[in-house]
Amino acid sequence: MATRNPEAPSDKRQGQSGGLFFTSLQMVHWRNFHGQVETPLAPRVFLLGPNASGKSNVLDALRFLRDTADQGLQDAIRSRGGMGAIRCLHARRPPGFTLAVTVGTKIQPDQWKYSLQVRNHPQKHMPEVVAERVTDAQGHPVLDRPQREDKDDPDRLRQTHLEQVVANQKFRPLTEFLTSIRYLHIVPQLMRDLDRSAGRRNDPFGGDFLETIAATPQRTRDARLRKISKALQVAIPQLQDLTLEQDEGGGHWHLQVRFAHWRKSPAKQDERAFSDGTLRLVGLLWSLAEKGGPLLLEEPELGLHTALVSRLPSLMTRLYRRSPRQLLITTHSPHLLNDPGIGLDEVHLLKSGPQGTEMIPATDHQPTASLYSEDGQLSLGEILMPAVAPEQVDRFHMAD
């Protein structure tokens with residue numbers, strides 16, 4: 001097997017793109033992460049680590065910025081259970097937390113830099129902005145808070161400028177990029193429960209998935225469903241087609257499939273009869289086919305056969321070339337990392353410790369970099385999964 005180059009740029013694997021993506025992320029006292037954690041991000045990112053190490057919390061840092069831009073700072077914090085649920089338990093001083101991102105293109109990786117520091121007001125016990133900064137590609141400050149107006153009226157600090165249409169005019173492309181983030185972790189039971197899904201919007205757990213498909217222009221919708229149907233036939237050979245139909249009352253929408261069987265006419269079923277794995281796969285394929293901003297995926301391997309899981313990275317690459325979209329993916333699956341097209345610069349390891357979680361780019365993890373470049377016989381999955389396994393997994397048992 002040829003020796004692989006761990007420093008090979010993502011451009012060769014993912015194609016050329018002028019689209020915006022997150023090029024770096026910094027977290028200070030955010031959830032699992034004590035102190036300052038800063039890491040570069042590629043157009044495709046895989047996050048590996050044991051349970052409760054903070055993989056989902058990395059994605060939630062980006063979701064938090066989206067929610068702040070879309071719904072406002074107070075709602076973004078309230079929906080997460082308040083400052084006490086967000087700020088790292090290991091943190092002492094300074095109070096609060098900081099999130100900072102760099103956004104750019106492959107040609108200009110630092111087109112925008114955004115930093116937000118938040119704390120609870122010591123007297124009012126309400127979240128407030130301590131500092132909010134935006135710089136442009138030339139490093140010039142576009143926003144630097146607190147400003148004189150904030151000092152004259154401290155209640156202004158309850159809101160970010162990110163969420164204010166008038167205030168964010170000078171960096172509107174950054175705001176639009178942040179609001180374009182989509183998080184997906186399909187919960188099949190929500191998709192099947194039509195009463196609970198009514199009226200949902202941008203539900204990260206798939207409660208509004210059928211309505212999202214229905215809202216797509218019919219020509220685009222039908223073309224995507226045909227492609228998804230062909231892909232599903234690999235996993236489910238008896239499947240003939242996949243369509244979206246509305247029930248007789250003109251109310252609920254349903255995904256409907258026709259299955260070939262011993263009878264002359266194919267059998268029909270809707271999403272309520274689909275397996276969990278099939279529903280998750282449909283949701284994943286639809287989301288990968290969509291255009292838009294960064295897509296945050298939680299364990300896309302759930303419910304899928306390992307042979308299908310191992311093919312997902314190459315599918316992601318092909319779809320990226322058609323419609324560039326950054327992917328940030330958490331996973332526990334070695335099969336997802338067996339694709340030789342995945343480079344070390346796309347993988348980050350999370351390791352928990354008594355003082356919080358470390359986030360280590362695989363390029364900086366010497367044992368991994370050495371094995372991957374020198375041995376050439378082991379896949380990334382075989383190398384990395386033992387490296388992020390719980391340290392005392394051999395003691396995992398039930399007491400007698």
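How much space lies in the second largest pocket? In this predicted model, the second largest pocket holds about 480 Å³ of space. Its lining is made up of 23 residues. R66, T179, I181, R182 and N202 are the closest of these to the centre of the pocket. Two elements, α2 (55–71) and β8 (182–184), give two or more residues to this lining. Helix α2 supplies the largest share, 5 residues. By class, the lining of the second largest pocket has 12 charged, 8 polar and 3 nonpolar residues.

The largest pocket was examined in the same terms. Its volume is about 760 Å³. Here too the lining was listed by residue: 23 residues line the largest pocket, and K227, A231, L285, L315 and L319 are the closest to its centre. At least two lining residues come from each of α10 (218–235), α11 (276–289) and α13 (312–322). The largest share is that of α10, with 9 residues. The lining of the largest pocket divides into 13 nonpolar, 7 charged and 3 polar residues.

Charged side chains were then searched for pairs. The whole structure contains 18 salt bridges. One of them joins D60 to R31, with N and O 3.1 Å apart. The partners come from distant parts of the chain, 29 residues apart. D60 belongs to helix α2, while R31 sits in the loop between β1 (21–30) and β2 (33–40). Both D60 and R31 are buried.

A second salt bridge pairs R119 with E128. The closest N and O atoms of R119 and E128 are 2.9 Å apart. The two partners were assessed separately for exposure. R119 counts as partly exposed because its relative accessibility is 29%, between the limits of 20% and 50%. E128 has a relative accessible area of 8%, which is under 20%, so E128 is buried.

A third salt bridge brings together the side chains of D276 and R192, at 2.6 Å from N to O. This pair also links distant parts of the chain: D276 lies in helix α11 and R192 in helix α7 (residues 188–192), 84 residues apart. D276 has a relative accessible area of 29% and is therefore partly exposed.

Some salt bridges share partners. Through such sharing, R31, D60, R63, R66, D67 and R80 are joined into one network. The network includes R31 and D60, the buried pair described above. R66 is also a member, and R66 is among the residues closest to the centre of the second largest pocket.

Strand β4 was considered last, through one of its residues. T98 is found in strand β4 (residues 97–104). Why does T98 count as buried? The relative accessibility of T98 is 12%, and buried means under 20%, so T98 falls in the buried class. Contacts of T98 were listed without residues up to four places away in sequence. On that basis, T98 touches Q26, M27 and V28, and also S115, L116 and Q117.

How values were computed. Residues numbered from 1 in each chain as written. Predicted model: local features only at pLDDT ≥ 70, side-chain atom pairs only at ≥ 80, totals over all residues. Heavy atoms only, no water. 1 Å grid on protein atoms, 1.4 Å probe; cavity = no way out; pocket = protein on both sides within 12 Å on 5 of 7 lines; lining within 4 Å. Points joined across faces, edges and corners; volume = space filled by probe spheres on them. Helix = DSSP H or I, 4+ residues; strand = E, 2+ residues; numbered from the N terminus. Nonpolar A, V, L, I, M, F, W, Y, C, P; charged D, E, K, R; others polar. Salt bridge = Lys/Arg side-chain N within 4 Å of Asp/Glu carboxyl O. Buried < 20%, exposed > 50% of the residue type's maximum accessible area, 1.4 Å probe, protein only. Contact = heavy atoms within 4.5 Å.
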